[in-house]
Amino acid sequence: TVFGWYDDNVFGAVEKVQKHVAMPSPDLPAERLWRIAAKRAILATGAEERPLVFGGNDRPGVMMAGAMRSYLNRYGVVAGQKVAVFTSGGSGYRTALDLAAEGVEIAAIIDTRSTSSAPAPLGVRIIHAGPVQATKGRHRISGVIADRGGVDEVIACDALAMSGGWSPIIHL
């Protein structure tokens, strides 16, 4: 794991030698510290999805859209049978398309923007400029409360995918 990028392209890294081994050898260290002097370097640490903040966003059943999509596409696991999507960009729509392709019912796509040209699953209701105010449910989500121009609307669902866009990771 690289933990620092210093002057003149010098990097600090730590190697797990035996920290993860069930029967460690007494002759080897648990970890090893490396000083790497590179001629050239590229920082490609990726991006992280930003959450959308609202009341009850930490309730079981509320997930980042990218995480819900990863569970579906990598492991074949769905977070719910009737999913609402709260988004401010295309990532939420991609999640809705993938979920719908696997037979998951999409309760609604709630987009913070006033318009969107992103493709959505056929027949799915899209609510523009209608933020999620809160979630309903006791032990897990049973619905979301969306603001429809000053009127609260309850949308029944058993999971909520949210995406506030992506931010580049520019630190180590």
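What percentage of the 172 residues of the chain count as buried? The figure is 34%. The model on screen is a predicted one, and the tour below proceeds from the whole chain to one hairpin, its neighbouring strand and a single tyrosine.

**The whole chain**

Begin with the entire chain shown as a cartoon. Its secondary structure consists of two helices and 13 strands. The radius of gyration is 22 Å, whereas the globule rule gives 16 Å for 172 residues; the chain is therefore more spread out than a compact globule. Oriented along the principal axes, the box filled by the C-alpha atoms is roughly 65 × 40 × 30 Å.

Next, display the surface. The chain exposes about 10400 Å², of which carbon and sulfur atoms supply 54%. Colouring by charge will pick out 18 positive and 16 negative side chains. The centres of these two sets lie 1 Å apart.

With contacts displayed, consider those between residues at least 6 apart in sequence: 53% of them join residues at least 24 apart.

**The N-terminal strands**

Select residues 2-6, which are strand E1, together with residues 10-16, which are strand E2. These two strands pair in the antiparallel sense over four bridges. Within this pairing, Tyr6 is found opposite Val10 of E2. E1 and E2 form a hairpin, with three residues between them. Centre the view on Asp8 in the turn, where phi is positive, at about 60°.

Keep E2 selected and add residues 31-37, strand E3. E2 and E3 also pair in the antiparallel sense, here over seven bridges. To locate a matched position across this pair, select Gly12 and Arg35: Gly12 stands opposite Arg35 in E3.

**Tyr93 in helix H2**

Move now to residues 90-101, helix H2, and select Tyr93 within this helix. Is Tyr93 buried or exposed? Its relative accessibility is 1%, so Tyr93 counts as buried.

Show the residues around Tyr93 to see what surrounds this side chain. Leaving aside residues up to four places away in sequence, Tyr93 touches the following:

- Thr87, Ile109, Asp111, Arg113 and Ser116;
- Ala118, Pro119, Ala120, Ile126 and His128.

As a last step, draw a distance between the C-alpha atoms of Tyr93 and Asp111. The two residues are 18 apart in sequence, and their C-alpha atoms are 9.3 Å apart in space. Asp111 is also one of the residues that Tyr93 touches.

Terms used: Residues are numbered from 1 along each chain as its sequence is written. This is a predicted model: local features need pLDDT of at least 70, side-chain atom pairs count only at pLDDT 80 or more; totals for chains, interfaces and linings use all residues. Side-chain values use heavy atoms; hydrogens and water are left out. The radius of gyration is taken over C-alpha atoms; the globule rule is 2.2 Å times the number of residues to the power 0.38. Buried means under 20% relative accessible area, exposed over 50%, partly exposed in between (1.4 Å probe, protein chains only). Contact means heavy atoms within 4.5 Å. Accessible areas come from the Shrake-Rupley method with a 1.4 Å probe; for residues, only the protein chains shown count as cover. Lys and Arg count as positive and Asp and Glu as negative; His and the chain ends are not counted. The place of a charge is taken as NZ of Lys, CZ of Arg, CG of Asp or CD of Glu. Two strands pair if DSSP finds at least two bridges between them.
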